[in-house]
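Colleague: Got a minute to walk me through this model? I'd like to go over the overall layout, then a few residues.

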Amino acid sequence: MTKLLLSIHVLAAILAIGPVAVAASMFPAALRRADLPALRVLHRVCRVYAAVGIAVPVFGFATAGVMGVTGQAWVIVSIGLTAVAAGVLVLLVLPRQVAALSTPDTSPASLAMPTGLFNLLWATVTVLMIIRPGSTTGA
């Protein structure tokens, strides 16, 4: 069961978070070019895959529960960073994308920093999931 849950968790992370990270990163450049069709598509990708991305922490919690590691520091820190990343996406990135769609003269810089922070948080969570500092699971 652990291998199945872990596989689904990793696949969900790759297939849901990856597109959000890439599309959000492409948004400021499309905004500089004032490419409205591209901006609409990139925002839709971010919005839809953000919703699909709920599967990542759901299967992460299930996997951690089956592995018996929910109380370990690397899991707790990862949960916290995931929550912060979700907050950055929902409270900063997506609303600024909506604003940029309605106001074409929006500065790309207003999106670059929160998008970079979102990506940095996910990269940190990924590293924590791989190296699992202090883990007693034997990996």
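Modeller: Sure. One definition before we start: a patch here is made of residues with over 30% relative accessible area and no salt bridge, and nonpolar side chains are joined within 5 Å. Also, keep in mind that this is a predicted model.

Colleague: Fine. Which residues make the nonpolar surface patch?

Modeller: Leu 6, Val 10, Leu 11, Ile 14 and Leu 15 make a patch of about 460 Å².

Colleague: Take Leu 11. Where does it sit, and how accessible is it?

Modeller: Leu 11 is in helix 1, which runs over residues 2-32. Its relative accessibility is 48%, so Leu 11 counts as partly exposed.

Colleague: Let's zoom out. How many helices and strands are there?

Modeller: Five helices and zero strands. Along the sequence that reads α-α-α-α-α.

Colleague: And what are the dimensions of the C-alpha trace?

Modeller: The trace spans about 50 × 25 × 20 Å along its principal axes. The protein has 139 residues, and 34% of them count as buried. About 7,500 Å² is exposed, with carbon and sulfur atoms supplying 75% of that.

Colleague: What about contacts across the sequence?

Modeller: If you take contacts between residues at least 6 apart in sequence, 76% of them join residues at least 24 apart.

Colleague: On to helix 4. How does its span match what 1.5 Å a residue would give?

Modeller: Helix 4 covers residues 73-102, which is 30 residues, so it should span 44 Å; the end C-alpha atoms are 43 Å apart, which agrees.

Colleague: Where does helix 4 bend?

Modeller: At Leu 89, by about 35 degrees.

Colleague: Which residues of helix 4 are buried?

Modeller: Quite a list: Trp 74, Val 75, Ser 78, Leu 81, Thr 82, Ala 85, Val 88, Leu 89, Val 93, Leu 94, Gln 97 and Ala 100. So the bend residue, Leu 89, is among the buried ones.

Colleague: What covers them?

Modeller: The cover for the buried residues of helix 4 includes helix 1, helix 2 (36-52), helix 3 (55-67) and helix 5 (109-131).

Colleague: Pick one of them. What does Leu 94 touch?

Modeller: Leaving out residues up to four places away in sequence, Leu 94 touches His 43, Cys 46, Arg 47, Ala 50 and Leu 89. Leu 94 has a relative accessible area of 13%; the cut-off for buried is under 20%, so Leu 94 is buried.

Colleague: His 43 is in there. Is that residue buried or exposed?

Modeller: Buried, because its relative accessibility is 7%. His 43 lies in helix 2. With the same neighbours in sequence left out, its contacts are Phe 27, Leu 94, Gln 97, Val 98 and Leu 101.

Colleague: How far is His 43 from Leu 91?

Modeller: 14 Å, C-alpha to C-alpha, with their positions 48 residues apart in sequence.

Colleague: Now helix 5. What's its length?

Modeller: Helix 5 has 23 residues and reaches 33 Å from first C-alpha to last, close to the 33 Å expected. Its buried residues are Leu 111, Pro 114, Thr 115, Phe 118, Leu 121, Trp 122, Val 125 and Leu 128. Helix 1, helix 3 and helix 4 are included in what covers them.

Colleague: What comes after helix 5?

Modeller: Arg 132, which has a positive phi, near 40 degrees.

Colleague: Where else does phi turn positive in a residue other than glycine?

Modeller: Ala 34 is one case, with phi near 55 degrees. Most residues other than glycine have a negative phi. Ala 34 lies in the loop between helix 1 and helix 2, and Ala 34 is exposed, with a relative accessible area of 56%.

Colleague: Last topic, salt bridges. How many are there?

Modeller: The count comes to one. The side chains of Arg 33 and Asp 35 form it, at 3.8 Å from N to O.

Colleague: How accessible are those two?

Modeller: Arg 33 is exposed, with a relative accessible area of 55%. Asp 35 comes in at 27%, so Asp 35 counts as partly exposed.

Note on methods:
Residues are numbered from 1 along each chain as its sequence is written. This is a predicted model: local features need pLDDT of at least 70, side-chain atom pairs count only at pLDDT 80 or more; totals for chains, interfaces and linings use all residues. Side-chain values use heavy atoms; hydrogens and water are left out. Patches are made of residues with over 30% relative accessible area and no salt bridge: like charges are joined within 9 Å, nonpolar side chains (Val, Leu, Ile, Met, Phe, Trp, Tyr) within 5 Å. Accessible areas come from the Shrake-Rupley method with a 1.4 Å probe; for residues, only the protein chains shown count as cover. A salt bridge is a side-chain nitrogen of Lys or Arg within 4 Å of a carboxyl oxygen of Asp or Glu. Helices (H or I, at least four residues) and strands (E, at least two) are DSSP runs, numbered from the N terminus. Buried means under 20% relative accessible area, exposed over 50%, partly exposed in between (1.4 Å probe, protein chains only). The expected span of a helix is 1.5 Å times one less than its number of residues. The bend at a residue is the angle between axes fitted to the seven residues ending there and the seven starting there. Contact means heavy atoms within 4.5 Å.
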